[in-house]
Amino acid sequence: LSNGCPEACSSSAISCSGNGVVTGPNPSGVGCKCVCNSGYAGDRCDRCAFAFINFGGVCVLDQCSRTDVSCNDRATAVAFQTLPNCVCTCKPGFAGSRCGECTAGYANWPTCNESCSDVAVSCNGHAVSVTPNATNATD
């Protein structure tokens with residue numbers, strides 16, 4: 001632990017992040033041995049296992065069937081390819097395989113507002129240049 005004391009390995013909530021059961025000291029001599037609950041992985045059960053995704057702090061099976069789970073709730077559709085590779089059709093302003101970033105001309109994830117930096121986005125391609133207005137950045 002951070003205080004220099006060896007971990008007691010007596011609390012699953014502490015040693016296994018509340019997502020598994022501690023079975024005793026790790027055979028390597030460092031930390032504790034955890035048996036993770038379904039959907040969790042890692043020495044401390046602190047990350048999602050293969051084919052699972054963090055949704056609201058809980059690891060849920062990613063079946064590429066819900067845009068809110070598989071695409072950060074930033075898509076109009078999602079299709080199954082091969083786990084863990086869902087194919088998300090991102091809403092305008094969002095990009096990435098799981099719509100987890102802003103596309104060109106947008107900024108400030110997770111809202112991805114127009115950044116007044118791309119003529120194609122801010123001016124529908126009908127201008128030579130675009131400059132943010134000091135009073136209203138979307139004019």
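These legends walk through several close-up views of a predicted model.

**View 1. An aromatic pair brings Phe 94 and Trp 109 together.**
Welcome to the first stop. The structure holds 1 aromatic pair, formed by Phe 94 and Trp 109 in an edge-to-face arrangement. The ring centres are 5.9 Å apart, and the planes meet at 85°. Phe 94 belongs to strand S9, which covers residues 94–95. Trp 109 sits in the loop between strand S11 (106–107) and strand S12 (113–114). The two partners are 15 residues apart in sequence, so their pairing ties together separate parts of the chain. How buried or exposed are the two rings' residues, beginning with Phe 94? Phe 94 is buried, at a relative accessible area of 13%, while Trp 109 is partly exposed, at 39%. Because the cut-off for buried is under 20%, Phe 94 falls within that class.

**View 2. Arg 74 places its charge over the ring of Trp 109.**
Stay with Trp 109 for a moment, and look for its other neighbour here. The charged end of Arg 74 lies over the Trp 109 ring, at 5.1 Å from the ring centre. Trp 109 therefore appears in two views: it is also the edge-to-face partner of Phe 94.

**View 3. Ser 70 and Asp 62 share a polar contact.**
Next comes a serine in helix H2, a helix made of residues 67–70. Is Ser 70 buried or exposed? With a relative accessible area of 1%, Ser 70 is buried. Its side chain meets that of Asp 62 in a polar contact of 2.5 Å. Which residues surround Ser 70, once neighbours within four places in sequence are left aside? The contacts of Ser 70 are Ile 53, Asp 62, Cys 64, Ser 65, Val 78, Cys 86, Cys 88 and Arg 98. Asp 62 is thus on this list as well as being the polar partner of Ser 70.

**View 4. A disulfide links Cys 16 to Cys 34.**
Now for the sulfur links. A search of the whole structure finds 8 disulfides, and one of them joins Cys 16 and Cys 34, with sulfur atoms 2.0 Å apart. This link is left-handed, with -95° about the S-S bond. The pair connects distant parts of the chain, 18 residues apart. Cys 16 is in the loop between helix H1 (12–15) and strand S1 (20–25), and Cys 34 is in strand S2, residues 32–36. Both ends can be described by their accessibility: Cys 16 is buried at 0%, and Cys 34 is buried at 10%.

**View 5. Cys 36 and Cys 45 form another disulfide.**
The sulfur atoms of Cys 36 and Cys 45 are 2.2 Å apart. Why is this disulfide called left-handed? The torsion about its S-S bond is about -95°, so the link of Cys 36 and Cys 45 is left-handed. Cys 36 is partly exposed, at 25% relative accessible area, whereas Cys 45 is buried, at 0%.

**View 6. Strands S1 and S2 make a hairpin.**
Cys 36 returns in this view, now for its place in a strand pair. S1 and S2 run antiparallel and are joined by 5 bridges. Among the bridged residues, Gly 20 has Cys 36 as its partner in S2. The hairpin has 6 residues between its strands. Look in the turn for Gly 29, which has a positive phi of about 90°.

**View 7. Cys 90 and Cys 99 are joined through their sulfur atoms.**
Here is one more disulfide to explore. The sulfur atoms of Cys 90 and Cys 99 lie 2.1 Å apart. Their S-S torsion is about -100°, so this disulfide is left-handed. Cys 90 is partly exposed, with 23% relative accessibility, and Cys 99 is buried, with a relative accessible area of 0%.

**View 8. Val 121 sits in helix H3.**
The tour ends at a helix of residues 119–122. Val 121 is buried, with a relative accessible area of 18%. Which residues does Val 121 contact, leaving aside neighbours within four places in sequence? Val 121 is in contact with Ala 104, Gly 105, Tyr 106 and Glu 114. Val 121 and Gly 93 are 28 residues apart in sequence, and their C-alpha atoms are 8.9 Å apart in space.

How values were computed. Residues are numbered from 1 along each chain as its sequence is written. This is a predicted model: local features need pLDDT of at least 70, side-chain atom pairs count only at pLDDT 80 or more; totals for chains, interfaces and linings use all residues. Side-chain values use heavy atoms; hydrogens and water are left out. Rings of Phe, Tyr and Trp (its six-membered ring) pair if their centres lie within 6.5 Å; planes under 30 degrees apart count as stacked, over 60 as edge-to-face and the rest as tilted. Helices (H or I, at least four residues) and strands (E, at least two) are DSSP runs, numbered from the N terminus. Buried means under 20% relative accessible area, exposed over 50%, partly exposed in between (1.4 Å probe, protein chains only). A charge sits over a ring if NZ of Lys or CZ of Arg is within 6 Å of the ring centre and within 35 degrees of the ring normal. A polar contact is a pair of N or O atoms within 3.5 Å; within protein, one must be able to donate a hydrogen and the other to accept it, and residues adjacent in sequence count only if both atoms are side-chain atoms. Contact means heavy atoms within 4.5 Å. A disulfide is a pair of cysteine sulfur atoms within 2.5 Å. Two strands pair if DSSP finds at least two bridges between them.
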